[in-house]
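Let's take a walk through a protein model together, with an eye to its ligand site, its empty spaces and a small sheet.

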Amino acid sequence: MAGRDPVSFLRQEYEVLVSGDLDWKLRVLQGPSTPRCVVDGRHVIMLCSNNYLSLSNHPKVKQAAVEAVKTHGAGSGSVRSIAGNMDLHSELEKRLAGFKGAEASLVYQTGFAANAGLIPQLVDQGDLIVSDELNHGSIIDGVRLSRADRAVYKHCDTEDLGEVLAKAEGHQPAYRRVLVITDGVFSMDGDMAPLDKVAAHARAHGAMVYVDDAHGEGVLGEGGRGIVAHHHLSRSDVHVEMGTFSKAFGVVGGHVSGSRDLVNFAYNKSRTWLLSGSHPPAVVAACTAAIDVLETEPQHVRNLWANTDYFRKGVRSLGFDTGRSVTPIIPVMIGDSGAAKRFSSRLYELGVFALPIVFPMVAKDKARIRTIMNAALTRQDLDDALSAFEKAGKEQGLL
Ligand code: PMP
């Protein structure tokens, strides 16, 4: 083996991606993530950010971040479990639990860290995880870190879930614990998990329920309280409500809400939480301010839904298919990957930033342009975007 370059695979594997047009070409956002913004030097309408309520630009949220730097510094100095647990962190968790109507909440560094850190602690050898087939990659990684058995049920198919759970009842030796886990809103299609039915099946089989509500918070339920609120479910129906501050809250950070027992367990056991530095003060204070805004300014969630209804009707009336979307994630189905990429490039030239989602993220014939609505988009923005969809669609023979 002497003389062999041990890292030649780095370039080789990258080149395979490039030759298959499967590499990520990073675009540069020059300034804030606003509905009209500048990407790679071009003025565009932003249709692919998760900043659903534009809270990243809210004056109260920005001001809170600035103030926190002045009062608490730029960094926290440690992990939460040692010396990095500031009063700001505790305040955020108290406010989040209040917002969610939960006994307690725990903030993680990211949503990914919450899923990767908590799932493998909830279930281990002798247990079973039952997961929707289209769950997010961070759930998949969390599941892979666990030594529990795994079963996958068909996407949003609660009959199939029931069968998987019934079959698990007969397992020998009997499973110690069963965890049913689902996204609340699925990020590729914008469809929603039938969480009420999922919870009913889980209850019938004595299983825990874990929902990843990354795309439901700030969007669904009263005042954007999420999918658990949307279905009027209780904490005995859904045991772990996980979410993120990186989308509708407009900042960054993950979290779980539920019982005090859940939070005590989670922070004592999740290695991603115990062994990783805590959020800087500016992040924490901005997240708390975002909760303030959600609690006092209901117009943002209302505007988001008004824009969603307007744009979905608009693209449908042009003749496009928006698939299963029932939320502000609105895929515009194209089919072929190459066609989706060409369409997205033309939209960009016409001043609309909306990325294609292609194989391997979705099936080969299910490529799409994934648009994501934002509360701060104006009717003029949406009409301009619809004109671009119509023009590009006609030029490229899609309409
Ligand atoms: N779950 C889902 C469903 C997501 O879409 C995302 C973000 N892409 C995450 C978890 C991870 O959240 P975060 O950005 O906070 O790491």
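What follows covers the ligand, then the cavity and pocket, then the sheet.

This is a predicted model, in which local features need pLDDT of at least 70 and side-chain atom pairs count only at pLDDT 80 or more, while totals for chains, interfaces and linings use all residues. Residues are numbered from 1 along each chain as its sequence is written, and side-chain values use heavy atoms, with hydrogens and water left out.

Let's begin with the ligand. The residues around the ligand include Phe-112, His-136, Asp-183, Asp-212, His-215 and Lys-247; a residue counts as near if one of its heavy atoms lies within 4 Å. By class, this shell holds two nonpolar, seven polar and three charged residues. Here Ala, Val, Leu, Ile, Met, Phe, Trp, Tyr, Cys and Pro count as nonpolar, Asp, Glu, Lys and Arg as charged, and the others, Gly among them, as polar. The table lists polar contacts (pairs of N or O atoms within 3.5 Å) to the ligand.

| Residue | Protein atom | Distance to a ligand oxygen atom |
|---|---|---|
| Gly-111 | backbone N or O | 2.6 Å |
| Thr-244 | polar side-chain atom | 2.6 Å |
| Ser-246 | side-chain N or O | 3.0 Å |

Taken alone, the ligand exposes 400 Å², and the protein buries 83% of that; these accessible areas come from the Shrake-Rupley method with a 1.4 Å probe.

Next come the empty spaces. On a 1 Å grid over the protein atoms alone, a cavity is a set of points where a 1.4 Å probe fits but cannot get out, whereas a pocket is an open set with protein on both sides within 12 Å along at least five of seven lines; lining residues have an atom within 4 Å of a point. Grid points are joined across faces, edges and corners, and a volume is the space filled by probe spheres set on the points.

There is one cavity of 30 Å³ or more, with about 60 Å³ of space. Its lining includes Arg-80, His-89, Tyr-108 and Trp-273, and divides into three nonpolar, five polar and one charged residue.

The second largest pocket holds about 490 Å³. Of its 19 lining residues, Asp-21, Asp-23, Trp-24, Lys-341 and Pro-356 are the closest to its centre. Helix H13 (residues 337-349) gives the largest share of this lining, four residues.

Finally, the sheet: three strands form an open, mixed sheet in the order E1-E2-E11. Strands E1 (36-39) and E11 (352-353) stand at the edges with a single partner strand each, so one side of each lacks a neighbour in the sheet. E2 (residues 42-46) and E11 pair in the parallel sense over two bridges, and Ile-45 stands opposite Val-352 in E11. Strands are DSSP runs of at least two residues (E), helices of at least four (H or I), numbered from the N terminus, and two strands pair if DSSP finds at least two bridges between them.

Technical notes: Polar contact = N/O pair within 3.5 Å; in protein donor to acceptor, adjacent residues only side chain to side chain.
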